[in-house]
Amino acid sequence: MSIWEAQGPGVTLVKPCVDAEKDPRRKIVGFIIHYTDGNFDGDVDWLTKQDDVPVSAHYVIGRDGQVAQLCRIERVAYHAGMSWGDLNPNIYTIGYELCSNAKQEYKFTDFQYRFLAEHILWVCKKYNLIYRYPDGDPKSTRNKAYWKEWFLHSDGFIIGHSAVNPHKPDPGVFFDWDKLLQMFQQRESGSETRQPAAVAIEPKTFWKKFLPKKLLTSKK
Ligand SMILES: [Zn+2]
């Protein structure tokens with residue numbers, strides 16, 4: 001077991017999941033935004049439970065101040081599974097789960113947009129990336145060839161889960177991409193930077209032993 005600290009500003013809880021994978025191909029070039037259709041405590045429990053299907057995310061962003069980190073960013077989390085064989089978005093991205101059902105009456109909060117912008121800026125600084133929407137559009141579904149270019153040759157991008165998997169609805173029509181851009185501008189002009197505080201002990205992974213290899217590279 002190893003001990004690790006939260007990575008990036010604003011993380012209030014570290015609760016390591018078992019479904020985090022060391023992968024020599026790991027190369028952070030982008031960010032994928034999801035919603036959970038749940039609440040913070042339940043989402044963290046679900047994403048860290050020991051199960052025979054690997055599902056995970058790097059961060060779970062609550063609605064009013066709570067953020068959990070479940071997986072170190074140097075590791076691959078299973079948040080954006082799809083079926084392009086060797087081209088696995090998880091290897092190239094950090095996954096953020098927003099607690100919301102993305103219905104209008106339960107819309108994403110200012111806190112969630114603010115955290116995303118602040119945290120993505122922190123990662124961009126660390127890895128020398130430039131935040132941007134691919135060709136100005138974070139929502140459109142594109143084909144494997146398109147994403148391959150971004151994954152292998154880009155130095156920064158932000159997209160919704162639905163952009164790499166048309167079967168997924170998230171983050172949906174109520175996620176305000178323009179508002180996120182405004183948050184970036186606000187954060188860049190401000191000077192406040194919070195430091196990571198939480199510390200956790202990493203669990204042993206156990207499922208690799210008995211899962212077929214195919215499951216290790218995809219998530220439904
Ligand atoms: Zn998703």
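## Contacts, sheet and helix packing

In this predicted model, residues 24 or more positions apart account for 76% of the contacts in the protein chain with a separation of 6 or more. The protein chain has 220 residues, and 38% of them count as buried. Its secondary structure comes to seven helices and ten strands.

**The sheet**

Start with the strands. Six of them form an open sheet. Their order is β2-β6-β5-β8-β4-β9, and the pairing is mixed. Strands of a sheet pair through backbone hydrogen bonds, either parallel or antiparallel. The edge strands are β2 (13-14) and β9, each of which pairs on one side only. Helix α1 (residues 40-48) packs on this sheet. There, α1 touches β5 (59-61), β6 (67-69) and β8. The direction of α1 makes about 165° with that of β5.

**Strand β4**

Now look at one strand of the sheet. How much of strand β4 (residues 30-35) is buried? Six of its six residues are, so β4 is largely enclosed by the rest of the structure. Both faces are covered. On one side lie Gly30, Ile32 and His34, all buried. On the other side lie Phe31, Ile33 and Tyr35, also buried.

In the sheet order, β4 stands between β8 and β9. The table sets out its two pairings.

| Partner of β4 | Sense | Bridges | Residues standing opposite |
|---|---|---|---|
| β8 (residues 93-98) | parallel | six bridges | Phe31 and Ile94 |
| β9 (residues 158-160) | parallel | three bridges | Ile33 and Gly160 |

Phe31 and Ile33 thus appear twice in this picture. Phe31 is buried and stands opposite Ile94 in β8. Ile33 is buried on that side of β4 too, and stands opposite Gly160 in β9.

**Two helices that pack**

Next come two helices. At what angle do helix α3 (residues 110-127) and helix α6 (residues 177-189) pack? The angle is about 60°, with their axes 8 Å apart. The two helices are therefore oblique to each other. The crossing of α3 past α6 is right-handed.

Which residues meet here? From α3 come Tyr113, Arg114, Leu116, Ala117, Glu118 and Leu121. From α6 come Lys179, Leu180, Met183, Phe184, Arg187 and Glu188. The residues of this contact divide into seven nonpolar, five charged and no polar.

Technical notes:
Residues are numbered from 1 along each chain as its sequence is written. This is a predicted model: local features need pLDDT of at least 70, side-chain atom pairs count only at pLDDT 80 or more; totals for chains, interfaces and linings use all residues. Axes are lines fitted to C-alpha atoms, for helices over the stretch in contact, and angles run from 0 to 180 degrees between N-to-C directions. Helices (H or I, at least four residues) and strands (E, at least two) are DSSP runs, numbered from the N terminus. Angles under 35 degrees count as roughly parallel, over 145 as roughly antiparallel, 65 to 115 as roughly perpendicular and the rest as oblique. A crossing is left-handed if the near helix is turned anticlockwise from the far one by less than a right angle, and right-handed if clockwise. Two residues are in contact if their C-beta atoms, placed from the backbone, lie within 7 Å. Ala, Val, Leu, Ile, Met, Phe, Trp, Tyr, Cys and Pro count as nonpolar, Asp, Glu, Lys and Arg as charged, and the others, Gly among them, as polar. A residue is buried if 20 or more other C-beta atoms lie within 10 Å of its own, exposed if 12 or fewer, and partly exposed in between; C-beta atoms are placed from the backbone. Two strands pair if DSSP finds at least two bridges between them.
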